[in-house]
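Notebook open, model loaded. I'm going through a few spots and jotting down what I find.

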Amino acid sequence: MKYRSTRGQVAGQSFESVVLEGLASDGGLYIPEQLPSLPSDWQTRWATLSFAKLAAELITLFVGSDLTPSEVEQLTERSYATFDTPSVTPLVDLDPSSNTHILELFHGPTFAFKDVALQFLGNLFEFFLERKNAREGQVDKYKITVVGATSGDTGSAAIYGLRGKKNVSVFILHPKGRVSPIQEAQMTTVLDSNVHNVSIEGTFDDCQDIVKQLFGRADFKQEHSLGAVNSINWARILAQITYYFYAYFTLMREKGKDAVPVFVVPSGNFGDILAGYYAKSLGLPVGRLAIATNANDILDRFLDSGVYEKNAEKGVLATPSPAMDILVSSNFERFLWYLARDHEISSESSETVEAQASEIIRQWMDQLKTTGSFSVTNAALDAARQVFWSGRCSNEDTYKTIAKYYGREQPYLLDPHTAVGVHVAEKLRPQINALCENSGKVHTICLSTAHPAKFSEAVLKAVNENGQNLDFQSILPAPFIGLLEQPRRCLSCDNSADAVAQLIVENIN
Ligand SMILES: *Cc1c(COP(=O)(O)O)cnc(C)c1O
């Protein structure tokens, strides 16, 4: 199993190097050179596996000779033991009358879906670095310094994934006073010596800018082996494929073998739903994947028009679902590569289809940078619609949806990101029902990406405005109780790349 970059200048990379490198040196994203085949008896042999064992089966298909099946299984067992429920990602009923379910992805240590990938990625980093050192009889020759910026969710999930890992230092920048109190507490109460929270006098964009500048300093990057854990890392996508299969098997057991799942995914950078695309491409029988966006709706507009347009004038809009506030979706490039390969290339070219696809990606990304948009052919757009549906949810509808489901006889409290998905599922209801000609076989699975307690402000606003009562204390997960009062460690730093670089050098383990 080898990996290539979507931009075509790098190929033949091993799984290990792709994981440690993150982004390819040509600026592209790594994808497998070929998709593996599932074992012919996967539908029976995998049907009753635990989440960790199913993850091991799937991940083993993608690692080549870099890890043995038992090494993968040890890593997945360790990664998913930190979740607070044995099924890791339970499937619960939301609305039995329309066959709508919630796939709860928030049972990890930071109560957001990003834990599914980052718990695994942390263990994977540690394993690869220790093995590289051991092979050369070294102790700490190979290290990684993870530097990232966060407005909340990614930072805490990264910190919990990497805390205490050997040969890994982590520096997470957040804008001072602009992260929700609970998320700030989640990050800064982690006292492991390899974890460094850095609060910057500035905005989230300033933090991101600084990180970009540091990665752009080739000497600094090499000297400190800078690494990234943002969702462009292939291992994160890979780890997320598991819950699509796991949900499918749960559905088969509980709702019958003829059930057809439609997955609705609250999307920002397109990492979560891209894993669903890979699951479908591997052969998982999925009816459709529905992209749900908030007011930052570049993906919904693309599915509507075939034009991928940045909307730079308006910039990123602030919404009650901040983890989906993006201008462009970084992982969409991976899907676009497949779209280009299968629907945009010329049969007359002497180049390979892969080389042509990468050439098209380079042109599109270039156009996006210079003109702010690019468009695909009608054939490509039609093909995209065979896989994806999409919909958008306004701020107002986000609050309304939270209140609506909390007000039911069987109340369910949605977090604002999940509410975006549930609202889009409601909008798509006619299409969803028509998919199996109203036979009742189709089941809508809305992915729930965060626990509502993480976004208390939006959730309380939604239910209070609707005249409902919510005792917030009663829904707090145990680790959140008393969290705000626990000891913290956080460094503050000027809003400049030089100052952060100096801080990293002084504090690196
Ligand atoms: C990151 C995140 C998302 C968006 O996921 P993508 O992979 O970026 O599409 C949605 N909801 C929550 C709570 C998140 O943390």
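**Entry 1: the N-terminal stretch.** I started with residues 2-80, whose end C-alpha atoms sit 26 Å apart. Helix makes up 42% of the span and strand 8%. UniProt, in an unreviewed entry, lists these residues as "domain: Threonine synthase N-terminal". Note to self: this is a predicted model, so everything here is read off a prediction.

**Entry 2: K114.** Next I went to the lysine that UniProt flags. The unreviewed entry puts "modified residue: N6-(pyridoxal phosphate)lysine" at K114. I found K114 in helix α5, which covers residues 114-135. Is K114 buried or exposed? Its relative accessible area is 11%, and the cut-off for buried is under 20%, so K114 counts as buried. Then I looked up what touches K114, skipping neighbours within four places in sequence: the list is D153, T154, A157, R236 and A323.

**Entry 3: α5 against α10.** R236 from that contact list led me on to helix α10, residues 234-255. For a helix pair I want two things, the angle between the axes and the distance between them. Here the axes are 8 Å apart and the angle is about 125 degrees. That angle falls outside the parallel, perpendicular and antiparallel ranges (perpendicular stops at 115, antiparallel starts over 145), so α5 and α10 are oblique to each other. The crossing of α5 past α10 is right-handed. On the α5 side I wrote down K114, V116, A117, L118, F120, L121 and L124; they meet A235, R236, A239, Q240 and Y243 of α10. Sorted by class, that contact has nine nonpolar residues, one polar and two charged.

**Entry 4: α4 against α5.** I then checked α5 against helix α4, residues 69-80. How do the axes of α4 and α5 cross? They come within 9 Å and cross at roughly 135 degrees. Antiparallel would need over 145, so this pair is oblique as well. α4 also passes α5 in a right-handed crossing. From α4, the residues E71, L75, T76, R78, S79 and Y80 meet V116, Q119, F120, N123, L124, E126, F127 and R131 in α5. The class split for this contact is six nonpolar, four polar and four charged. I see V116, F120 and L124 listed here, and they are also in the α5 list for the α10 contact.

**Entry 5: T85.** I moved on to the loop between α4 and β3 (91-95), where T85 sits. T85 comes out at 18% relative accessibility, under the 20% cut-off, so I logged it as buried. Beyond its neighbours within four places in sequence, T85 is in contact with P90 and H107.

**Entry 6: Q208.** Q208 lies in helix α8, residues 204-216. Its relative accessibility is 35%, so I put it down as partly exposed. I also took a distance: Q208 and L226 are 18 residues apart along the chain, and their C-alpha atoms are separated by 15 Å.

**Entry 7: V376.** Last stop, V376, in the loop between β12 (373-375) and α15 (378-387). At 11% relative accessibility, V376 is buried. Leaving out neighbours within four places in sequence, V376 is in contact with F302, G306, E344, W364 and L381. I checked L336 too: it is 40 residues from V376 in sequence, and 9.4 Å away in space, C-alpha to C-alpha.

Note on methods:
Residues are numbered from 1 along each chain as its sequence is written. This is a predicted model: local features need pLDDT of at least 70, side-chain atom pairs count only at pLDDT 80 or more; totals for chains, interfaces and linings use all residues. Side-chain values use heavy atoms; hydrogens and water are left out. UniProt positions are given in the numbering used here, feature names are shortened, and annotations may be inferred rather than shown by experiment. Helices (H or I, at least four residues) and strands (E, at least two) are DSSP runs, numbered from the N terminus. Buried means under 20% relative accessible area, exposed over 50%, partly exposed in between (1.4 Å probe, protein chains only). Contact means heavy atoms within 4.5 Å. Axes are lines fitted to C-alpha atoms, for helices over the stretch in contact, and angles run from 0 to 180 degrees between N-to-C directions. Angles under 35 degrees count as roughly parallel, over 145 as roughly antiparallel, 65 to 115 as roughly perpendicular and the rest as oblique. A crossing is left-handed if the near helix is turned anticlockwise from the far one by less than a right angle, and right-handed if clockwise. Ala, Val, Leu, Ile, Met, Phe, Trp, Tyr, Cys and Pro count as nonpolar, Asp, Glu, Lys and Arg as charged, and the others, Gly among them, as polar.
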